[in-house]
Amino acid sequence: MNGLDDVVSEPSVQRKGVGLCLSGGGYRAMLFHTGALWRLNEIGWLRKLDYVSSVSGGSIAAGALAKAWPKLRFSGGVAENFTEEVVVPIRKLAGTRVDVPAMLRGMVKPWRSVGEELADAYAKHLYGDMTLGQLDPTGPNFVFTATNLQDGTLWWFQSGSNGQIPLATAVAASSAFPPIMSPVVIPDPLAPGTDKKIVLSDAGVYDNLGLDPVEGRCATVLVSDAGKHMQRKQNVKRSWPSQLMRVLDIIDNQVREFRTGALLKSYKNKDFAGTYWGSYSDISNFELTDTLPAPVEKTKLLAEKATRLTKTHADVQQQLINWGYAVCDAGMRKWVDNDAGAPAGFPYQSAGVG
């Protein structure tokens, strides 16, 4: 065993279906997960998904897939138009700065939060006016998670439910990184006709892997993790703001480590089958002889790209997509689908991983 890259198990008889979890991590995660979705489609696993549970940046990619689902033309289990319907819109958003404009608009509009401005930006650039109730019922159950700031619990937005809530609002709530980009406020669905509200923030505060909606119900759990590791600091500043930020980093890191450890334990206990791949994975740990070339010294640089929702250079977009594609391929062929053939090359062959 070489850590999470090498974990596999047999499915539990109490669980059914396939669940995919997409972690947070801003545009970096969105692009990394796009590469993973690209490879899942090529080997016929996109069509097999029963649940897609997403967090923060992962929710941006999941939302694009959810919106595109009724337009995807599947032939032999593979969507022939995946690139134009999913990849192209995501890359267009990745070339757009949305965080600073949303923050500035929120600052000058005291009656609206930055999170609500973020939702407007998502609607303008990617999701339009589509609501959760309009998502294709024949596709996977898409679950966009957020953190309820009122009671500290995880909040789920699910396709086909939550009535007329815009898809853009669900994704914004899931990716409203505190304190700058949050909160997103919605009417309380349990108290219609009243002025009661639910105050939501980034799902990564509670569960950065998005495991909760799938780990108790799916026989196969696939996890794509583009979360950022906490960096070691030799010298920690002593000012109160600096210490506060460092403490928040430690708390965030503890949540991530707890969730990752729980996933590892579940795989080992054979609670469900599946595999984990991450932006920090060393592709050589999958022990395949025909993986795409992805030297760890280059992929680590991609894993440490900033998590902001800001304009990303085209070369970096291609490299992140390539890396997600390559490591997803390794995880799937090693632990889930031994019959899948090796890819012919990267989606963007000339870009590689850096």
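Reader: What makes Ile60, Phe144, Phe157 and Trp277 stand out in the largest nonpolar core?

Author: Of the 87 residues in that core, these four touch the most other members. Keep in mind that this is a predicted model. Helix H10, residues 314–335, gives the core its largest share, 10 residues.

Reader: Which residues does isoleucine 60 touch, leaving aside its neighbours within four places in sequence?

Author: Isoleucine 60 is in contact with Tyr27, Met30, Leu93, Tyr122, Leu126, Tyr127, Val171 and Leu309. Contact here means heavy atoms within 4.5 Å.

Reader: What is in the second core?

Author: That one is separate and has 11 residues, including Leu209, Leu211, Val214 and Cys218.

Reader: Why is H1 called roughly antiparallel to H3?

Author: Look at the angle. The axes of H1 (residues 26–42) and H3 (residues 82–94) come within 10 Å and cross at roughly 170°. Angles over 145 degrees count as roughly antiparallel, so H1 is roughly antiparallel to H3.

Reader: Which residues make that contact?

Author: From H1 you get Tyr27, Met30, Leu31, Thr34, Leu37, Trp38 and Asn41, and from H3 come Phe82, Thr83, Val87, Ile90, Leu93 and Ala94. Sorted by class, the contact has 10 nonpolar, 3 polar and no charged residues.

Reader: Histidine 33 is in H1 too. How do you know whether it is buried or exposed?

Author: Check its relative accessible area, which is 0%. Buried means under 20%, so histidine 33 is buried. Not counting residues up to four places away in sequence, histidine 33 touches Leu22, Ser23, Gly58, Ala61, Ser224, Asp225 and Ala226.

Reader: And how do you know whether proline 293 counts as buried or exposed?

Author: Same recipe. Proline 293 has 58% relative accessibility, and exposed means over 50%, so proline 293 counts as exposed. You'll find proline 293 in the loop between strand S10 (273–278) and helix H9 (296–303). Leaving aside neighbours within four places in sequence, proline 293 still has contacts, with Phe346 and Val353. Its C-alpha atom is separated by 8.6 Å from that of isoleucine 283, 10 residues apart along the chain.

Reader: Why do we say that the buried residues of H9 line one face of the helix?

Author: The buried residues in H9 are Thr299, Leu302 and Ala303. Seen down the axis of H9, the buried residues fall within an arc of 100°, so they line one face. On the other side of H9, Glu297 and Leu301 are exposed. The buried residues of H9 pack against H1 and H10.

Reader: What makes the phi of serine 56 worth pointing out?

Author: Serine 56 has a positive phi of about 50° although it is not a glycine. Serine 56 sits in the loop between strand S2 (51–55) and helix H2 (57–68). Its relative accessibility is 8%, and buried means under 20%, so serine 56 counts as buried.

Reader: What about glutamate 287, with its phi near 55°: buried or exposed?

Author: That phi is again a positive value in a residue other than glycine. Glutamate 287 lies in the loop between S10 and H9. Its relative accessible area is 52%; exposed means over 50%, so glutamate 287 is exposed.

Reader: How many helices and strands are there in the protein chain?

Author: There are 10 helices and 10 strands. Buried residues make up 53% of the 354 residues.

How values were computed:
Residues numbered from 1 in each chain as written. Predicted model: local features only at pLDDT ≥ 70, side-chain atom pairs only at ≥ 80, totals over all residues. Heavy atoms only, no water. Axes fitted to C-alpha atoms, helices over the stretch in contact; angles between N-to-C directions. Helix = DSSP H or I, 4+ residues; strand = E, 2+ residues; numbered from the N terminus. Parallel < 35°, antiparallel > 145°, perpendicular 65-115°, else oblique. Nonpolar A, V, L, I, M, F, W, Y, C, P; charged D, E, K, R; others polar. Buried < 20%, exposed > 50% of the residue type's maximum accessible area, 1.4 Å probe, protein only. Core = buried A, V, L, I, M, F, W, Y, C linked by side-chain atoms within 4.5 Å. Arc of directions from axis to C-beta.
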